[in-house]
Amino acid sequence: MTIVRSFPKGGIHPHDDKDLTRDGAIWNSAIPPICIVPLRQHLGPSCERLVEPGSRVTEGMLIGRAPADGAHVHAPVPGIVRRIRTIWSPECGECEAVVIELSGAFSKLGKDLDARDWRSMPRKDVVTLLRDLGVVELSGNPHPLHRSLQYARRAGVSRVVVNGAESGPYLSSEDRLLREHCAELVTGAEIIAHLLHVEDVVFAIGADKKEAVRRLRRELSERESLARILEVGTKYPQAAVPQLLRSVQRKEIPYGKDEREVSCFVLGAATAYATAEAVLFGKPCVERVVTVAGGGIARPGNVKVRLGTTFREVIEECGGLVASAVRIVSGDPLTGFEVTDLETPVTKTTRGILALTQSEIRAAERRSCISCGRCVRACPMGLEPQRLYKLIEHGWQTKAEAKGLNACTECGCCSHVCPSRIPLMQRIAEAKSEHLLDYRAELQNTQFGNQI
Ligand code: SF4
Ligand code: SF4
C-alpha cells in the first residue's frame, strides 16, 4: 500500500480544474514577431542593459548583465532591438525592458545539441554556468539558482527534495514536465545534488500524479538511482516549502527560518528541467512552460513560450478568449496577480495565464468580519489571519510581527475561505514588504562563489 504524507495544520481543497490541461501534451508556442524582455525577472536587482536601439542580437545573447546576486537576462529570439521601454510586471514590479523584433536565424531552437559531460567539470564551473545562463528558481520564489545553491552549501544541507506537488489550482505544467521530461528532471536533480555534495534525493510527488510517478519510478530504476519517491497529499498548499518539508521531514521549520534549518534544499520540477537544459546543452533561460487555462480560454493547455511573448499572443495561441472571460490572472487564482494590460510579457516567473469567468472569480460584495474563524482553521502556518489583518489596519506593524506576520507564506487560503471576502492575504503580503527589503539587503551583503 502506498503511504501518502501531508501536513497536519490547515489547508484547503479548492476546485482545481486541472482536468482542463493536465492530459494534453506540452506544445511549442509560435515565435512572436516582437519580444518584450524585462531586465529584471526574479526577486533581486535589475540587470545592467548591454544593448541599444538598433543593436542586433542573436538567440541567447546576453542583453542584461546582473550583479553577483542577480540573474542575467538573454535574448529569447534573434533580431533587432527596436526600443527600450519601462514596463510593469506583476511579479517583479517596474523595470526597463528591451523590445526585440524577430529576424535572423536561431542557433539552438530545433537543433540537435551534444550533451556536456557535467560530471567531469569542477563544481564551481557548473555553478558559474548556471549563473551565466540566468537560471532562477522557476517554481516558487524566483531567486537566482546560483545564490540559493551558495546559501544551501554554506548551511550544509544533506537532502535535496524535488518538489513535484502542484502549486495551485489550474496549474499543471509541473505534472506535464514530470510526464514528458522525466529523464531531464532526474538529471537536473542529480546535478544539484552533486553540487551540494548530497546523496539523499527525494522526489515528493502529488498523489494525484499517478502517471508521473510511474514514469519516474521507471527512470530511477533504469539508472539504478538511489533517489526515492514519496507521494504527498493533494491538499493545498502542499507545494509550499514549509508544508512540503513538514510532509517529507516530519519537522516544522522554526519560525523565522527557512528550509536549510531542516537540512534540505527544495528544487522545483521546472527548475530541475531548466538546470539540465543549461548544464547539458548550454541553453540560457529564455523559455518556460506556462499553463494557460480558465473558463475564458478557448483551448486550454500547457505551452512552451519564449520569454518576452505577450499575454495577448499566448492567449491567441490557445484559441483566444471566449466571451465570458472577465479577469486575466498571472499565476494561480489564490496567489496570482490580476493583469489588465495584455501586452504584459511572460517572464521567468510566469507560471500560468488564467482567463477566469464570473463564476470562477467568486465575485461577491465585501462585508465585515463575522468572526467565523474559517481563516484560522484554513491557515497552514497556524496564524490568525483576521487578527493580523486588524493589527495591520490599525498600523500596529510590530504587534503583527509578534503575532507571526513574517511567517505567512502568502498561500491565500485565508482569503479563499473568508465568507466576507476580506482581502486578508493581500493586506498581510503588503505589510510583509519591509521584510522583503531586508532580504534583498542580505543578498547584497554576501559575496558570490566562495562556497561551492
Ligand atoms: S496567506 Fe498567510 S495568513 Fe493566510 S492562510 Fe496563508 S499563511 Fe495563513
Ligand atoms: S474568515 Fe473572514 S469573516 Fe471569518 S473570521 Fe476570518 S476574516 Fe472574519
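Q: In which helix does Leu-129 lie?
A: Welcome to this predicted model! Leu-129 makes a good starting point, and its place in the chain falls within residues 123–132. That stretch is helix 1.

Q: Is Leu-129 buried or exposed?
A: A residue counts as buried when its relative accessible area is under 20%. Leu-129 has a relative accessible area of 15%, so Leu-129 is buried.

Q: Which residues does Leu-129 touch, not counting those up to four places away in sequence?
A: Setting those sequence neighbours aside leaves the contacts made with other parts of the chain. For Leu-129 they are Arg-116, Met-121, Ala-278 and Val-279.

Q: How far apart in space are Leu-129 and His-146, C-alpha to C-alpha?
A: Along the sequence, Leu-129 and His-146 are 17 residues apart. In space, their C-alpha atoms are separated by 9.0 Å.

Q: Why is helix 2 largely enclosed by the rest of the structure?
A: Helix 2 covers residues 145–155, eleven in total. Among its buried residues are Leu-145, His-146 and Arg-147. Helix 2 is largely enclosed because eight of its eleven residues are buried.

Q: Which residue follows helix 2, and what is its phi near?
A: Just after helix 2 comes a glycine with a positive phi. The residue is Gly-156, and its phi is near 70°.

Q: Is helix 4 roughly perpendicular or roughly parallel to helix 7?
A: Helix 4 (residues 182–195) packs against helix 7 (residues 269–281) at an angle of about 80°, and their axes are 7 Å apart. Angles from 65 to 115 degrees count as roughly perpendicular. Helix 4 and helix 7 are therefore roughly perpendicular.

Q: How many nonpolar residues does the contact of helix 4 with helix 7 have?
A: On the helix 4 side, the residues that meet helix 7 include Leu-185, Ile-191 and Ile-192, while Tyr-273, Val-279 and Leu-280 are among those on the helix 7 side. By class, the contact has three polar residues and one charged. The nonpolar residues number ten.

Q: Where is His-181 found, and is this residue buried or exposed?
A: His-181 touches Ile-26, Arg-176 and Tyr-273, leaving out residues up to four places away in sequence. The place of His-181 is the loop between helix 3 (173–180) and helix 4. With a relative accessibility of 17%, His-181 counts as buried.

Q: Is Tyr-170 buried or exposed?
A: Tyr-170 lies in the loop between strand 10 (159–164) and helix 3. Its phi is near 75°, which is positive although the residue is not a glycine. At 4% relative accessibility, Tyr-170 is buried.

Q: Is Ser-371 buried or exposed?
A: Ser-371 also has a positive phi without being a glycine, near 55°. This serine sits in the loop between strand 18 and helix 9 (374–378). With 60% relative accessibility, Ser-371 is exposed.

Q: How many charged residues does the shell around ligand 2 have?
A: Ser-371 is one of the residues around ligand 2, and others include Cys-369, Cys-372, Cys-375 and Cys-418. By class, the shell divides into eight nonpolar and four polar residues. The charged residues number none.

Q: Which residues come nearest to ligand 1?
A: There are 13 residues around ligand 1. Helix 12 (413–417) and helix 13 (424–431) each give two or more residues to this shell. The nearest residues are Cys-379, Cys-408, Cys-411, Gly-412 and Cys-414.

Q: Are helix 10 and helix 13 oblique or roughly perpendicular to each other?
A: Helix 10 (residues 385–393) packs with helix 13 at an angle of about 55°, and their axes are 9 Å apart. Where the two helices meet, Leu-388 and Tyr-389 are among the helix 10 residues, and Leu-424 and Ile-428 are among those from helix 13. Helix 10 and helix 13 are therefore oblique.

Q: Which peptide bond is cis, with omega near 5°?
A: Look in the loop between strand 12 and helix 6 (241–249), where Pro-237 is found. The cis bond runs from Tyr-236 to Pro-237.

Q: What distance separates the C-alpha atoms of Glu-224 and Gly-60?
A: Glu-224 is in the loop between helix 5 (210–222) and strand 12 (228–232), and is exposed, with a relative accessible area of 72%. Glu-224 and Gly-60 are 164 residues apart along the chain. The distance between their C-alpha atoms is 35 Å.

Conventions:
Residues numbered from 1 in each chain as written. Chains lettered and ligands numbered in written order. Predicted model: local features only at pLDDT ≥ 70, side-chain atom pairs only at ≥ 80, totals over all residues. Heavy atoms only, no water. Buried < 20%, exposed > 50% of the residue type's maximum accessible area, 1.4 Å probe, protein only. Helix = DSSP H or I, 4+ residues; strand = E, 2+ residues; numbered from the N terminus. Near = heavy atom within 4 Å. Nonpolar A, V, L, I, M, F, W, Y, C, P; charged D, E, K, R; others polar. Contact = heavy atoms within 4.5 Å. Axes fitted to C-alpha atoms, helices over the stretch in contact; angles between N-to-C directions. Parallel < 35°, antiparallel > 145°, perpendicular 65-115°, else oblique.
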